[in-house]
Every structure is written in C-alpha cells, then in structure tokens.
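This report describes how protein and DNA meet in the model shown below. Each DNA strand is taken in turn.

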There are 2 protein chains.
Amino acid sequence: MTPARQRYDQESLLAVAAQVFTERGYDGTSMEDLAKVTGITKSSIYHHVQSKEELLGIGLDRALDALFAVFDEPASMDGKAVERLRHVVRRTVEVLVAELPYVSLLLRVRGNTATEQRALDRRRTFDRAVRALFAEAIADGDLRAGLDPALTERLVFGMINSTVEWYRPRSEITVDDLVGAVLAIVDGLRR
Amino acid sequence: MTPARQRYDQESLLAVAAQVFTERGYDGTSMEDLAKVTGITKSSIYHHVQSKEELLGIGLDRALDALFAVFDEPASMDGKAVERLRHVVRRTVEVLVAELPYVSLLLRVRGNTATEQRALDRRRTFDRAVRALFAEAIADGDLRAGLDPALTERLVFGMINSTVEWYRPRSEITVDDLVGAVLAIVDGLRR
DNA sequence: GTCTATAAATTGATAGAC
DNA sequence: GTCTATCAATTTATAGAC
C-alpha cells in the first residue's frame, strides 16, 4: 500500500504556510516554495485561498483572536491590577506557545499591505490594554514607584514576544519553565 | 539655484538602504523601491554595489562589528561578572541605538542566504559570550540562585533587542532613560 | 482536491552612452 | 555617478481538464 499522499483543506494548508512564512519570512516565501513544501501545485493552493495575502490574513487573525481572548478570562477581570497583570503575562506566554506559528507571523509583520496594517492596528489595541494594567499596578503601589508604564510594558512584552525567535515546544524547557522565568523577571519589578 | 540633486557613494546609499530594508523588510524591498526612495535609478545603485545581497551584507557586518567591539572595552574585561554584565547591557543598548538601522537589519535576518547565515553565526557567538557572563554572575551569587543562565540571557537580550521595534532617537525617551529602564529590570534579578 | 499550461507583471541584474 | 534600454528569471495568479 503506497502511503496516501497528503490532501489539504484550508486549515491544514494554513498550518504549513504559517510555519514556512515564519521560517523564511512572508516576502521571502513564494507560492512555488509553498507548493514544494506541501507537495501540491501552486494551482491547488489557489483552490483553498484566493491569494497569498489572504493566507497571511487568516493566520494573523488567528493569533490576534487568541491573544484578545486572554482579556476575556475571569482572572483578567477580577482582583488587584498586579494579579490581573501576572495572569495576562502568564496566559500571553501560553498562547504564544500554543499558537506559535501564527503569533510569530504576527510579530514579523511590517505593515506593507492593508492586511498587515489591520493586524498592526489590532496589535496596538492589545498593547494599550496591557499598558493600562501596568499603569494601574504602579498606581496601586504594587510595582516599584518611578517605573514608566509605557516603557515597562514595551520592555516586558518585547521580552515575551522575543521568545518566538527561539522557543520550541517539546524542548527540555517546558512552558511552565518559560512562564516561570518571565514571571521571575516581572516579580523583580514588585516593590 | 535649483537644489543640487543628492549624489550617492556606497556609504550614503547604505544608510538609505538599511532604513528601507528595516521598514519593509529585506525581501519586501525591491531594487526599484530603493531607486524610488533614493531618487536614482536601479542602474546607478549597481554602480555602488554588486548586488542587493552585498548591500545587506555590508549593513549586517556594520552592526556585528559594533556589537563585538563592546567586549573589547576595558569595563567588559575587568571586575566582577555582574558589573561586566551590567556594562555589556548598557553598551549594547547604546550601540543598538547608535547603529539602529543596521542592528534592526541584523535582528530580522532569517538565514535565507549564505550572507544571512554568516551573520546569524556571528550573532550566536555574541550571545554565547553574554550567556557566559550571566552564568558567572549567578555562580558568584550576585544574581538570584536558581536562574537559568541560558534562559535568562535569552529573555534579557530578547528584551533589549525588541527595542529596535519602537525606539527612535530624539523621542522624549533619551538613551539614558532606556538604559535605565533596562538596567532596572536586570537589577531586579540581583539577590 | 489536484493537475498542466500559461499569462501578466515584477524582479535582480547588465550593456553601453553621457 | 547617473542615465536609457533591455534581459532572463521569477512571481502571483487564472483557465480549464480530470
């Protein structure tokens, strides 16, 4: 029995595309590259998506939806700001790992097209919400006084986001190790 | 008197190219894009460089040379590891800002070509040197016990590197503000 | 859902004049 | 140092058959 050749739907195609886009960059990946990796032809790919840019757009939305969902969790809404912040940090790291290819894609987007611009806008909205949490936690006196909320948010989430560059699930480093290391640094900011 | 049109040499061309490569990505920038931005033709650009990839290579070397030079500074070689580490952190941030377009370029490279691979190799060498400093500072008992040197190095320098995404000189945030905020986080790791 | 064939535009790069 | 003209290869995308 010859092994049945992989057949794709939009979902499975997207999974491969996000991975390749992340490895070589979106602009550095041609539809021909994608055809080689998937083992189907360019034409077949166009059966599943209208354009290369649509493939990107779907991937970006997936990452953004997962990130925004963190704010809808109960622990993001109740309690002291510093605890809500710790929860958002923890869950952001977990979402980043769970949706690694899509979040990687998001973090590499430059705004070259309308699709990319839209994603950047949504991402800025997310950043603003996190920044408000930092501001509140500092105002509560639970983080060191004198910290700049905007600057601190950028550094802490820049740190978190940078993990897409090297972290891979099923390495010796578990997600909990990663969350722990990030929270250790955040907790260094407590008064 | 009509204003004399800009004339380029390799240096001034590189400055523009690094900027545009950073904004749109290397693969997302065509020679035609570069021609439009510089106001000269593609042919004229090829008078200054042999290829688009050479333009990238020169920019990457500029960033890497500046970063490695930090380790040759006296303060990187004398004293306790934790103090040498703080100096490398401070100076890396300063170099990053001083050579912002070139360092941005470096941090976006994916390894798609031999030129990019070479740059990634040099960058890994830099990371290893920093990691050794973290390990030494932890062994000295000057950073919290239990910190993983490799993980901590990745997070802290991921944080530093992420600043290329948003920091711009001559904003209200001075380089010293930025260095201060980064060192505040690093100092949160001291025992 | 996948294929072959092909179009239309863009891309990196060169030749040779001023 | 810059230009016009041009090329060969690649790129995104479509038409139509199986």
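## Surface near DNA strand D

The largest contribution to the surface near DNA strand D comes from α3(B), with 4 residues. This is a predicted model. In total, 20 residues lie around DNA strand D, and those that come nearest are Lys42(A), Thr41(B), Ser43(B), Ser44(B) and His48(B). Of the atoms of DNA strand D that come within 4 Å of the protein, 56% belong to sugar and phosphate. By class, the residues of this surface comprise 4 nonpolar, 11 polar and 5 charged.

## Polar contacts to DNA strand D

Phosphate oxygens of DNA strand D are approached from both chains. A polar side-chain atom of Lys52(A) is 2.9 Å from a phosphate oxygen of the strand, and a polar side-chain atom of Arg5(B) also lies 2.9 Å from a phosphate oxygen. Tyr8(B) instead places a polar backbone atom 2.9 Å from a phosphate oxygen. Two elements, α3 of chain A and α3 of chain B, each give two or more residues to the surface near DNA strand D.

## Surface near DNA strand C

DNA strand C is surrounded by 19 residues, the closest being Thr41(A), Ser43(A), Ser44(A), Met31(B) and Lys52(B). Sugar and phosphate make up 59% of the atoms of DNA strand C that come within 4 Å of the protein. Here α3(A) gives the most, with 4 residues. The surface holds 4 nonpolar, 10 polar and 5 charged residues.

## Polar contacts to DNA strand C

Side-chain N or O atoms of Ser44(A) and His47(A) lie 3.0 Å and 3.1 Å, respectively, from a phosphate oxygen of DNA strand C. Arg7(A) has a polar side-chain atom 3.0 Å from a sugar or linking oxygen of the strand.

Key
Residues are numbered from 1 along each chain as its sequence is written. Chains are lettered from A and ligands numbered from 1 in the order in which they are written. This is a predicted model: local features need pLDDT of at least 70, side-chain atom pairs count only at pLDDT 80 or more; totals for chains, interfaces and linings use all residues. Side-chain values use heavy atoms; hydrogens and water are left out. A residue is near a molecule or strand if one of its heavy atoms lies within 4 Å of it. A polar contact is a pair of N or O atoms within 3.5 Å; within protein, one must be able to donate a hydrogen and the other to accept it, and residues adjacent in sequence count only if both atoms are side-chain atoms. Ala, Val, Leu, Ile, Met, Phe, Trp, Tyr, Cys and Pro count as nonpolar, Asp, Glu, Lys and Arg as charged, and the others, Gly among them, as polar.
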